[in-house]
Amino acid sequence: MRLILLGPPGAGKGTQAKRVADGLSIPAISTGDIFRWNVSEGTPLGTKAKGYMDAGEYVPDHVTNAMVKDRLAQDDAAPGFLLDGYPRTQEQVGALDAMLSEQGTTLDKVVELTADRDELVDRMLKRAALEGRSDDNPEVIARRLDVYDEQTAPLVAIYGERGLLVSVDGLGKVDEVTERLMAAIRG
Ligand code: AMP
């Protein structure tokens, strides 16, 4: 299974990606988590990414694409993977297409997790209190949602036209949403 989990910040992608990937015995690959790890370790990649992340902006495509290419080349991703938070721009869609065609593989499905903006802001503010993420403050949250609308929301139509898209309501109990996602992926 080669899957993408698409959705705005705060929709619960990270939590659900891990649960769904565990259920399917494939790795969940979160570009946000990889960037955060690099920031916390102070690697050159982390140094490059930090300013963008703290401002709620996307890390430049060439940096993100190179990182994903390396990650997808690792052995555990050979049988399949669930991408969480990638691709996020049209340029990244093209880069992923090229990586997959080089491997001779294709995507099976793109699952969109939906939630309305008020709910998203609410969830991110709660997460800020729990996890202390440096990009979970009101101004940066608003910017991240705007960047999503401008740059990532158009990907829904792109994958819709390819016949790969399924949309799942992200509102509700964590277990219920996981069940909906599993059903959408199986279906
Ligand atoms: P996330 O945890 O997925 O919300 O990602 C946190 C931050 O990491 C984002 O706000 C971006 O700054 C950066 N990031 C994660 N994934 C990408 C991506 N595919 N393209 C560019 N920047 C990304």
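Which elements each supply at least two residues of the lining of the second largest cavity? In this predicted model, β1 and α9 (174-186) are the elements that do so, and the points below take up that cavity together with the other enclosed space, the pocket, the ligand and two details of the backbone.

1. The second largest cavity holds about 40 Å³ of space, and the residues that line it are Leu3, Ile4, Leu5, Val20, Leu82, Val111, Leu181 and Ile185. By class, this lining has eight nonpolar residues, with no polar and no charged residues. β1 provides the largest share of the lining, three residues, while α9 is also an element that supplies at least two.

2. The count of cavities of 30 Å³ or more comes to two, and the largest cavity contains about 50 Å³ of space. Its lining is made up of Ile4, Leu5, Leu6, Gly7, Lys13, Gly85, Tyr86, Pro87, Arg88, Tyr148 and Thr152, which divide by class into six nonpolar, three polar and two charged residues. Here the elements that each supply at least two residues are β1 (2-6) and α7 (138-152), and the largest share, three residues, is that of β1. Ile4 and Leu5 deserve attention when the model is inspected, since they appear in the lining of the largest cavity and also in the lining of the second largest cavity.

3. The largest pocket encloses about 1000 Å³ of space and is lined by 41 residues, among which Gly10, Lys13, Gly14, Arg127 and Arg133 lie nearest its centre. The lining divides into twelve nonpolar, 14 polar and 15 charged residues. At least two residues of this lining come from each of α1, α2, α3 (44-55), α6 (117-131) and α9. Lys13 is listed in two places, being one of the residues nearest the centre of the pocket and one of those that line the largest cavity; α9, likewise, contributes to the lining of the pocket and to that of the second largest cavity.

4. The ligand sits in the largest pocket. Of the 15 residues around the ligand, those that come nearest are Thr31, Arg36, Glu57, Gly85 and Arg88. By class, this shell is divided into five nonpolar, five polar and five charged residues, and helix α2 (residues 31-41) gives the most to it, with four residues.

5. Three polar contacts of the ligand can be described individually. A polar backbone atom of Glu57 is 2.7 Å from an oxygen atom of the ligand, whereas a backbone N or O atom of Gly85 lies 2.8 Å from a ligand nitrogen atom. Arg88 takes part through its side chain, a polar atom of which lies 2.8 Å from a nitrogen atom of the ligand. Of the 480 Å² of accessible area that the ligand has on its own, the protein covers 96%. Gly85 and Arg88, which are among the residues that come nearest to the ligand, also belong to the lining of the largest cavity.

6. Two features of the backbone should be checked by eye. The peptide bond from Tyr86 to Pro87 is cis, with omega near -5°, and Pro87 is placed in the loop between β3 (81-84) and α5 (90-103). Tyr86 and Pro87 are both included in the lining of the largest cavity. The second feature concerns Ser25, which has a positive phi of about 55° although this residue is not a glycine; the place of Ser25 is in the loop between α1 (13-24) and β2 (28-30).

Technical notes
Residues numbered from 1 in each chain as written. Predicted model: local features only at pLDDT ≥ 70, side-chain atom pairs only at ≥ 80, totals over all residues. Heavy atoms only, no water. Near = heavy atom within 4 Å. Polar contact = N/O pair within 3.5 Å; in protein donor to acceptor, adjacent residues only side chain to side chain. Areas by Shrake-Rupley, 256 points an atom, 1.4 Å probe, with all protein chains shown as cover. 1 Å grid on protein atoms, 1.4 Å probe; cavity = no way out; pocket = protein on both sides within 12 Å on 5 of 7 lines; lining within 4 Å. Sits in = over half its atoms within 2 Å of the grid points. Nonpolar A, V, L, I, M, F, W, Y, C, P; charged D, E, K, R; others polar. Points joined across faces, edges and corners; volume = space filled by probe spheres on them.
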